[in-house]
Every structure is written in C-alpha cells, then in structure tokens.
Amino acid sequence: MKADPGRVAVLVSGRGSNLKALIDQASGYEIALVASNKLLAPALEVARSAGLPTWAFESGGVPRDEFDAILTRSLEDHRVGTIALAGYMQILSPPFVERWRGRILNIHPSLLPKYRGLNTHARALAAGEELTGCTVHIVTEELDSGEILAQTEVAIEAGDDVATTSQKVLMAEHDLYPAALAAFVQR
Ligand code: GRF
C-alpha cells in the first residue's frame with residue numbers, strides 16, 4: 001500500500017501535550033499512528049483516549065538501528081507519509097533518517113538556530129534573552145538543524161523563570177505545530 005503524506009505518525013516519549021494539540025486541531029492531516037519508545041509514556045494514554053492506533057516498544061537495550069527498523073515496518077504498515085516528533089527523546093538512527101528523508105518534522109522549544117539540544121529555557125534566561133519561542137523544522141542527522149518551517153516568538157518578561165517561560169512557549173507550540181504540520185503535508 002502506498003504512503004500518503006497526509007497520514008501522519010506522531011512519535012512520543014513523554015507527557016504528550018503537543019500530541020493532544022495535534023489531535024484536537026487535526027485538519028488537513030490524519031493521525032494514522034502514535035508510536036513510542038516508552039511503554040508507559042503518558043502520551044500513549046492521550047492517544048488511546050482519542051481512539052487512535054498506538055505502537056509502543058521499549059527501546060532500552062535494543063540497538064537503535066534495530067529499533068528503528070521495527071518502527072519503520074509499523075509506519076509502512078500504517079501507510080504513513082509524514083512523521084511528527086513530539087517530545088520523542090531518542091536520537092534517530094542515520095538509516096531511519098535516510099529512509100524518511102525530508103518527511104520527519106520536530107518541534108523545538110527555542111528560536112533555532114539558537115539553543116539546539118536540551119535545557120533551552122534555562123540557557124536563554126542565563127544569556128539574558130528578551131525573546132525566545134519555538135520552531136518547527138525538518139529533521140536531519142544533525143541535531144535540531146534541518147530546514148526551518150515555522151517559528152513563533154515569545155517575549156521573556158521581568159520575573160520570568162524556567163517554569164513560566166516553558167509554560168508560555170508550550171502554549172505557543174500548541175498553536176504552531178498543528179498549523180505547520182497542516183501546511184507541510186499540503187506543500
Ligand atoms: C516540548 O517542549 C517540545 O518542544 C519538545 O519536547 C516537549 C514535549 O512536550 N520537543 P509534550 O510531551 O508535547 O508535552
């Protein structure tokens with residue numbers, strides 16, 4: 001069966017608030033599968049509550065290439081054409097990135113190319129930034145470095161700390177990701 005760009009798999013490892021936003025605002029794309037490398041990821045419950053098919057396989061101890069090959073088979077079985085990472089905390093293997101070249105999106109809590117990697121808000125605050133935000137980009141082998149598809153700026157105000165900043169940015173993520181994904185599958 002042929003893959004369809006509008007059939008999206010969302011890959012999750014954690015709480016799943018972006019997944020929830022992608023589900024609630026799904027328009028122009030369909031979530032065909034929610035996949036996780038953590039059997040107990042709360043995001044899987046978000047998916048099940050929405051009646052979506054899930055796939056979960058505990059990644060600990062499994063070589064990454066092997067894990068990603070099994071995942072690819074499941075994505076193919078579901079005729080997935082686009083992959084949206086949403087708090088997926090495992091680096092993708094180079095063969096997986098090659099297999100899905102140009103079809104994997106991620107949301108990152110900074111204004112890329114600033115603050116790639118983890119702890120973005122703590123680093124932005126420590127640097128005295130007055131502006132931060134979130135970015136939807138295409139995933140390549142290089143961490144948080146692929147083509148930027150969309151960004152939202154969020155002001156850092158006096159008194160903001162990591163908790164308030166991450167909350168504000170998360171709200172922005174929930175608007176940005178569904179819109180960016182819908183635009184991407186139609187391009
Ligand atoms: C978000 O901050 C996202 O930007 C980052 O991981 C977090 C996922 O949160 N990639 P959630 O699981 O979607 O609530």
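Good morning. I begin with a single residue, E76, which is partly exposed at 36% relative accessibility. The model in which E76 sits is a predicted one.

E76 has a charged partner. Its side chain meets that of R99 in a salt bridge, at 3.0 Å from N to O. E76 belongs to helix α3, residues 64-77, and R99 to helix α4, residues 94-99, so the salt bridge ties together parts of the chain that are 23 residues apart in sequence. R99, like its partner, counts as partly exposed, with a relative accessible area of 39%.

Let me now place this pair in the overall architecture. The chain contains 6 helices and 7 strands. In sequence order, these elements run β-α-β-α-β-α-β-α-β-α-β-β-α. Strand and helix thus take turns from the start until two strands follow one another, and a helix closes the series.

What radius of gyration would a compact globule of 187 residues have? The expected value is near 16 Å, and the chain has 16 Å, so the model agrees with that expectation. Along the principal axes, the C-alpha atoms fill a box of roughly 55 × 35 × 30 Å. Buried residues make up 50% of the 187 in the chain. As for contacts between residues at least 6 apart in sequence, 62% of them join residues at least 24 apart.

The surface comes next. About 8,900 Å² is exposed by the chain, and 55% of that area is supplied by carbon and sulfur atoms. There are 17 positive and 23 negative charges, and the mean positions of the two sets lie 5 Å apart.

I return to the salt bridges, of which the structure holds 11. One of them joins R187 to E147, with the closest N and O atoms 3.2 Å apart. This pair also links distant parts of the chain: R187 is in the segment after α6 (162-186), E147 is in the loop between β6 (131-138) and β7 (148-155), and 40 residues separate them. With a relative accessible area of 59%, R187 is exposed. E147, at 45% relative accessibility, is partly exposed.

A further salt bridge is formed by the side chains of K168 and D160, at 2.6 Å from N to O. Are these two side chains' residues buried or exposed? For D160, the relative accessibility is 17%, so this residue counts as buried, the limit being under 20%. K168, at 27%, counts as partly exposed.

Salt bridges also occur as a network, which links E98, R101 and E141.

I close with a residue in a strand. T132 lies in strand β6. How accessible is T132, and what does it touch? Its relative accessibility is 4%, and it therefore counts as buried. Leaving aside residues up to four places away in sequence, T132 touches S110, L111, A124, T152, E153, V154, I156, T165 and V169.

To summarise, the predicted model has a radius of gyration that agrees with the value for a compact globule. Its salt bridges include R99 with E76, R187 with E147 and K168 with D160. In strand β6, T132 is a buried residue. Thank you.

Key: Residues are numbered from 1 along each chain as its sequence is written. This is a predicted model: local features need pLDDT of at least 70, side-chain atom pairs count only at pLDDT 80 or more; totals for chains, interfaces and linings use all residues. Side-chain values use heavy atoms; hydrogens and water are left out. Helices (H or I, at least four residues) and strands (E, at least two) are DSSP runs, numbered from the N terminus. The radius of gyration is taken over C-alpha atoms; the globule rule is 2.2 Å times the number of residues to the power 0.38. Buried means under 20% relative accessible area, exposed over 50%, partly exposed in between (1.4 Å probe, protein chains only). Contact means heavy atoms within 4.5 Å. Accessible areas come from the Shrake-Rupley method with a 1.4 Å probe; for residues, only the protein chains shown count as cover. Lys and Arg count as positive and Asp and Glu as negative; His and the chain ends are not counted. The place of a charge is taken as NZ of Lys, CZ of Arg, CG of Asp or CD of Glu. A salt bridge is a side-chain nitrogen of Lys or Arg within 4 Å of a carboxyl oxygen of Asp or Glu.
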